[in-house]
Amino acid sequence: MKIDFANLTKAYLEHRKAIDEAMRNVVSSSRFIMGEEVRELEKQLQQYTGSKHAITCASGTDALILAMMALDIKPGDEIITTPFTFIATAETIAFLGAIPVFVDIDEATYNIDVNLIEEKITSKTKAIMPVSLYGQIADMDEINTLAIKYDLAVIEDAAQSFGATYKGKKSCNLSTIGCTSFFPAKPLGCFGDGGALFTNNAELSDKIKSIRVHGQTERYIHKYIGIGGRLDTLQAAILIEKLKHYEKDIIRRQSVAKKYNEHLGNDTTIPFIKENNISVWAQYSIRVKNRKDIQTTMKKKGIPTAVHYPKPLHLQECFEYLGYKEGDFPVSENVSKEIMSLPMNPYLTDIEIQYITKELKELL
Ligand SMILES: *Cc1c(COP(=O)(O)O)cnc(C)c1O
């Protein structure tokens with residue numbers, strides 16, 4: 001049997017006619033930049049999350065950069081985040097000259113350990129950037145309480161959690177600014193790069209929209225230093241079609257995760273989802289001791305696996321200058337040695353799940 005990890009092909013084929021037509025419409029209109037689909041998608045994203053404002057952009061990475069630029073993050077400012085995430089989280093902070101201040105993760109959820117945040121807050125701290133990893137939202141109430149106490153902004157890195165809920169509220173609508181990604185392999189993916197920002201603050205929304213287009217307020221009038229960070233009309237048109245089926249996709253992902261849990265619950269550390277949370281299962285990640293061997297053998301059996309992430313960010317060469325060392329964040333370090341993601345997509349069949357878990361159990 002040959003298993004597809006994210007099955008992007010099927011995601012296209014299932015709605016091929018509608019997607020093809022949407023793409024053709026954009027191409028024949030020639031409105032490749034800021035066509036009407038962009039605005040239409042923003043309206044739908046805003047309604048979907050319940051956030052007052054949704055602003056699309058060129059990628060999840062750009063969403064983080066735009067959020068921090070809109071919040072006037074300056075060189076030397078400190079932003080608290082976790083080292084157990086995709087590089088973009090901390091990279092964008094450093095890109096703006098600000099300083100990523102790492103806090104270890106919770107061993108159960110792999111999200112930032114809210115008990116360790118307060119001791120890292122200094123007079124230079126400007127924001128907390130929790131990551132809603134693998135599709136599960138971080139402990140936003142505790143984070144927001146700290147942010148209010150110390151007058152900080154909160155930027156949710158929701159690149160993996162669009163559509164997830166926390167106490168009934170949608171990801172991206174739980175902080176000062178929520179940032180998501182529509183990279184093809186994310187739960188809601190387009191056919192290239194894409195992203196979006198969400199806020200309930202009208203002033204921030206206007207500023208983000210302006211910075212997204214070179215800081216302009218009207219044509220050739222530039223109020224801010226900005227970037228070229230717009231979402232392509234083509235990607236917007238594709239996302240409008242995919243958003244129609246997204247709730248169904250989430251339910252199917254949940255069903256896959258539940259079946260994995262049932263098969264694997266007694267044999268390994270399965271994902272832990274907090275009671276208040278509904279995950280969108282960007283990844284289904286378990287903990288294994290002999291990861292390398294398992295991955296090699298599974299690959300031979302046609303089962304792709306992945307590691308999110310093998311090296312915590314404080315130990316990456318690019319962050320050497322921050323002065324962290326091995327042992328600084330023991331939970332992140334341990335988890336990065338054992339974590340392994342299984343194929344996850346809405347189309348995995350019972351037979352495939354049985355095959356994957358049976359082969360895996362023999363190796364545990
Ligand atoms: C994917 C991802 C990003 C970056 O999104 P892109 O659209 O690939 O730029 C940022 N943060 C996290 C946690 C991600 O998983």
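Reader: How much space lies in the largest cavity, and what makes it a cavity?
Author: In this predicted model, the largest cavity holds about 140 Å³ of space. A cavity is a set of points where a 1.4 Å probe fits but cannot get out, so the name says that this space is closed to such a probe. With 30 Å³ as the lower limit, the count is 2 cavities.

Reader: Which residues line the largest cavity?
Author: The lining has 15 residues, and those closest to the centre of the cavity are Ala11, Pro187, Lys242, Asp249 and Arg253. Two helices, α1 (8-14) and α9 (246-264), each give at least two residues to this lining. By class, the lining divides into 8 nonpolar, 3 polar and 4 charged residues.

Reader: What makes the largest pocket a pocket and not a cavity?
Author: A pocket is an open set of points with protein on both sides within 12 Å along at least five of seven lines, whereas a cavity does not let the probe out; the largest pocket is therefore open. About 480 Å³ of space lies in this pocket. Its lining counts 27 residues, with Phe86, Gln160, Phe183, Lys186 and Tyr309 nearest the centre. Two or more residues of the lining come from each of α4, α5 and β8 (177-181). The lining has 13 nonpolar, 10 polar and 4 charged residues.

Reader: How do you know where the ligand sits?
Author: A molecule sits in a pocket if more than half of its atoms lie within 2 Å of the grid points of that pocket. The ligand sits in the largest pocket, so more than half of its atoms pass that test. The elements α4 (60-70) and α5 (88-95) each give two or more residues to the shell around the ligand.

Reader: Which residues come nearest the ligand?
Author: Among the 16 residues around the ligand, the nearest are Gly60, Thr61, Asp157, Ser181 and Lys186. The shell is made up of 6 nonpolar, 8 polar and 2 charged residues.

Reader: Why is the pair between Lys186 and the ligand called a polar contact?
Author: A polar side-chain atom of Lys186 is 2.6 Å from an oxygen atom of the ligand. The cut-off for a pair of N or O atoms is 3.5 Å, so this pair qualifies. Gln160 places a side-chain N or O atom 2.8 Å from a ligand oxygen atom, and a polar backbone atom of Gly60 is also 2.8 Å from an oxygen atom of the ligand; both distances are within 3.5 Å, so these are polar contacts as well. The protein covers 94% of the 380 Å² of accessible area that the ligand has on its own.

Reader: What is noted about the backbone at Tyr309 and at His214?
Author: The peptide bond from His308 to Tyr309 is cis, with omega near 15 degrees. Tyr309 belongs to the loop between α10 (291-300) and α11 (330-338). His214, in the loop between α7 (202-212) and β10 (216-218), has a positive phi, near 55 degrees. Most residues other than glycine have a negative phi, and most peptide bonds are trans.

Terms used
Residues are numbered from 1 along each chain as its sequence is written. This is a predicted model: local features need pLDDT of at least 70, side-chain atom pairs count only at pLDDT 80 or more; totals for chains, interfaces and linings use all residues. Side-chain values use heavy atoms; hydrogens and water are left out. A residue is near a molecule or strand if one of its heavy atoms lies within 4 Å of it. A polar contact is a pair of N or O atoms within 3.5 Å; within protein, one must be able to donate a hydrogen and the other to accept it, and residues adjacent in sequence count only if both atoms are side-chain atoms. Accessible areas come from the Shrake-Rupley method with a 1.4 Å probe; for residues, only the protein chains shown count as cover. On a 1 Å grid over the protein atoms alone, a cavity is a set of points where a 1.4 Å probe fits but cannot get out, and a pocket is an open set with protein on both sides within 12 Å along at least five of seven lines; lining residues have an atom within 4 Å of a point. Helices (H or I, at least four residues) and strands (E, at least two) are DSSP runs, numbered from the N terminus. Ala, Val, Leu, Ile, Met, Phe, Trp, Tyr, Cys and Pro count as nonpolar, Asp, Glu, Lys and Arg as charged, and the others, Gly among them, as polar. Grid points are joined across faces, edges and corners, and a volume is the space filled by probe spheres set on the points.
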